[in-house]
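Trainee: I'd like to learn how to read a model like this one. Can we go feature by feature?

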Amino acid sequence: MAVELLVAAAMVCCLAAATQAVTGFGFALMAVPPLAALTDAVQAVVIATVVGLALTSVSSVRERKHVVTAPASRMVVGGLIGMPLGLVMLTQLDESVLTLLIAGVVIALVLLLAFRVRLPAGAGAQWGSGLASGALLTSTGVNGPPLVLTLQSMQLPPARSRGTLQTVFWCQELVAVAALVALGEVDAGVVALAAAGAAVCPLGWRLGDLLFVRISPSRFRGVVLACLTASATVSIVSVLA
């Protein structure tokens, strides 16, 4: 495998990890579109999910004291229910269709976040956002925004929101990676690229953690949303060109 590809994947994952450290989410949103441009849509989803598991295996332990248990439990179980639908889409959709789906989901969810759309905050919404995130995780790799929208409606402090998200991500990604391995989607190429990405995640998280306590969340949020929109747009252009 070309060294340039490994370095590019590592850079993408480093930036994505920094994003997740600052906002509590965004790893897959930031990583999947450029990884799809480097490899293909299916590999991008698998790589982002594997690296995401490595990242949240550490961050969920670090942030465990901030977890709000009841919503996290509902979101995890809801995610498990939604995952089979996403796996069917991942394995059955044409690559170009899947790439457009990923880009479309990213743009749609960025718009929801940008306009601060609020979902209901009750138990039913928590189950629903968990189910949607599970289906999105195994089809597009992008499982954060439904959870984020629900937690925003609960008006949790930033530390509580970030901690809860890391635990939900870890639980969902653990099951998703096991399913992807069972389906034969994790090959040597995926392992190599995921290892390159995972190796730099601690650096990315550290950089993001430094920003988390030093900059305005709203300012960084705007930069992240702009970057996400740009990466999704690149994915769409690459398919339509």
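Mentor: Sure. Start with helix length: the expected span of a helix is 1.5 Å times one less than its number of residues. Keep in mind that this is a predicted model.

Trainee: How many residues does H1 have, and what does it reach from its first C-alpha to its last?

Mentor: H1 covers residues 3–23, which is 21 residues, and it reaches 30 Å, close to the 30 Å expected. Just after H1, Gly24 takes a positive phi of about 90°.

Trainee: Which residues of H1 are buried?

Mentor: First the general idea: an α-helix has 3.6 residues a turn, so residues three or four places apart point the same way. Here the buried residues include Ala9, Ala10, Val12, Cys13, Cys14 and Ala16. Gln20 is also one of the buried residues of H1.

Trainee: Why is there no disulfide at Cys13?

Mentor: A disulfide needs two cysteine sulfur atoms within 2.5 Å. The closest cysteine sulfur to that of Cys13 belongs to Cys201 and is 5.5 Å away, so it is too far for a bond. Cys13 is buried, at 0% relative accessibility, while Cys171 is partly exposed at 22%. Across the whole structure, the search finds zero disulfides.

Trainee: And what about empty space inside?

Mentor: Rolling a probe the size of a water molecule over the atoms shows where empty space is left. Here the count is one cavity of 30 Å³ or more, and the largest cavity has a volume of about 110 Å³. Of its 18 lining residues, the closest to the centre are Gln20, Phe27, Ala28, Asn143 and Glu173.

Trainee: Which helix gives the most to that lining?

Mentor: H3, with four residues. By class, the lining has nine nonpolar, eight polar and one charged residues.

Note on methods:
Residues numbered from 1 in each chain as written. Predicted model: local features only at pLDDT ≥ 70, side-chain atom pairs only at ≥ 80, totals over all residues. Heavy atoms only, no water. Helix = DSSP H or I, 4+ residues; strand = E, 2+ residues; numbered from the N terminus. Buried < 20%, exposed > 50% of the residue type's maximum accessible area, 1.4 Å probe, protein only. 1 Å grid on protein atoms, 1.4 Å probe; cavity = no way out; pocket = protein on both sides within 12 Å on 5 of 7 lines; lining within 4 Å. Points joined across faces, edges and corners; volume = space filled by probe spheres on them. Nonpolar A, V, L, I, M, F, W, Y, C, P; charged D, E, K, R; others polar.
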